[in-house]
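Biologist: I am new to this structure and would love a close look at one part of it. Could you show me the model and then take me to the enclosed space inside?

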Amino acid sequence: MGVAVAANPALTEPGLTPYSSPSAPLPQQVPARTLWSKPATSPGRNIREVELPTISDAELRSRSRGILLGMACGESIAGTQAFTHLALELGESVVARGAAEPELLLDRWAKLGPELTPRPGSITTQALRLFREGFPAQGLAEATARVVPDRSGDGPLLRALPLAVAARREGALLKRWADQSAWVTHSDLTSRMATVGSCLLARDLLTRGLEESLARVAQALREEAPLRLSRAFRHPARGDLPESGDDAVAVLSQVTHALMVATDLEGTLQEVENQDQPSQGALALAGGLGGAAFGIDPGSRRLARLDESLRGRLEQLADRLVDFETREHAARLMTDGPPLGPGRPDGARSGG
């Protein structure tokens, strides 16, 4: 049963447009306080027919740039830009092709130099090694799991962040693309569902507070996520400590704890830096999610230290992602057709 919605005067303001999706946020006024203090609404309500928060085009572009530039700033603390370049290749591929195509992504990633790929021994690096040696895209993730068994990876969480903008108003499509992008190299359920969750979280943080965003992600993944991962999407209680380690769940835990007390992107990065031996993935994810939640200060010293060509490419991709999403969403509304994007390869299960 639909929920009646009162007229919203904001819809008449220039640059603001209403939208809806199967996993839409609910409208609210967000005060300029910490993410901890922003109110939450119940994620269990039927929200298919509820008007979603509006965001001006200028603010959306600023927040989208915040995701990509924030990720780069965070990762630069670790002295590398490997995850950022993987995300760039994925985002540019989706904008150009309208889908997350595994073989094309692997071709693009495999062409990156060793300095632009994750650390040796990581799942992603091992998968790219097998692909360069001639292993086909189909079955690559399963083969890599035999080389690096019993481990979830943080790489897919980061490289998939552009999808949070590319499919912002299409919750089912966002979940499917995130799962597909993770399954290129990671076959384990934890890595895949953590990737879906991080994309949904980035998408919701564009217009919502942390508590509500986490509740919505937990609701979206309630029947799919392993128990340990489900706990990472619970709003941290005061006094709780983040998980240690550098796997997907630990990285998510560390970043949500940082977001809980931060009031801007810089504060988010500092909170993660102050944790015990922060990983490259945690720093990059903190930058990406912090950028979604708070945006990025154009005068930031961290931003000024980024390579100019990399910064320009990230800013251009952010704008292209917004344009792509606006165009594709309008086309789907016009045709009332199914979301774009390829289906899962034969024999594979969808986790979205």
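Modeller: Happily! Please keep in mind that this is a predicted model. The largest cavity has a volume of about 80 Å³, and the count comes to 1 cavity of 30 Å³ or more. Rolling a probe the size of a water molecule over the atoms is what shows where empty space is left.

Let us walk around the wall. The residues lining this cavity are Phe83, Pro118, Arg119, Ser122, Ile123, Thr124, Arg151, Gly153, Asp154, Gly155, His186 and Asp246. By character, they split into 3 nonpolar, 5 polar and 4 charged residues.

Now follow one of those lining residues, Phe83, outwards. Helix 2 covers residues 82-97. Of its 16 residues, 14 are buried, so helix 2 is mostly covered, where buried means under 20% relative accessible area. What span should helix 2 have at 1.5 Å a residue? The expected value is 22 Å, and the end C-alpha atoms of helix 2 lie 23 Å apart, which agrees. After helix 2 comes Gly98, which has a positive phi near 75°.

Helix 1 invites the same check. It runs over residues 57-77, and its 21 residues should span 30 Å at 1.5 Å a residue. The end C-alpha atoms of helix 1 are 30 Å apart, so the expectation is met. Gly79 follows helix 1, and its phi is positive too, near 80°.

From the cavity we can turn to the packing of side chains. In soluble globular proteins, nonpolar side chains tend to be buried together. Here the largest nonpolar core has 90 residues, and Trp109, Leu163, Trp177, Leu285 and Leu289 have the most contacts inside it. Helix 14, residues 280-294, gives this core its largest share, with 9 residues.

Staying with helix 14, look at the loops on either side. The loop between helix 13 (265-273) and helix 14 holds Gln277. Gln277 is not a glycine, yet it has a positive phi of about 50°. Its relative accessible area is 70%, and therefore Gln277 counts as exposed, the cut-off being over 50%. In the loop between helix 14 and helix 15 (301-304) you will find Gly295. With a relative accessible area of 7%, Gly295 is buried. Gly295 also sits 6.3 Å from Ser62, C-alpha to C-alpha, although 233 residues separate the two in sequence.

A few other places are worth a visit. His257 belongs to helix 12 (residues 248-261) and is buried, at 13% relative accessible area. The side chain of His257 reaches the backbone oxygen of Ser253 at 2.8 Å.

Ala137, in the loop between helix 4 (123-132) and helix 5 (140-147), has 19% relative accessibility and counts as buried because the cut-off is under 20%. The C-alpha atoms of Ala137 and Leu104 are 9.2 Å apart, with their positions 33 residues apart along the chain.

Leu227 lies in helix 11 (residues 227-232). With a relative accessible area of 51%, Leu227 is exposed because it passes the cut-off of over 50%. Its C-alpha atom is separated by 9.5 Å from that of Thr190, 37 residues away along the chain.

Conventions. Residues numbered from 1 in each chain as written. Heavy atoms only, no water. Core = buried A, V, L, I, M, F, W, Y, C linked by side-chain atoms within 4.5 Å. Buried < 20%, exposed > 50% of the residue type's maximum accessible area, 1.4 Å probe, protein only. Helix = DSSP H or I, 4+ residues; strand = E, 2+ residues; numbered from the N terminus. 1 Å grid on protein atoms, 1.4 Å probe; cavity = no way out; pocket = protein on both sides within 12 Å on 5 of 7 lines; lining within 4 Å. Points joined across faces, edges and corners; volume = space filled by probe spheres on them. Nonpolar A, V, L, I, M, F, W, Y, C, P; charged D, E, K, R; others polar. Expected span 1.5 Å × (residues − 1). Polar contact = N/O pair within 3.5 Å; in protein donor to acceptor, adjacent residues only side chain to side chain.
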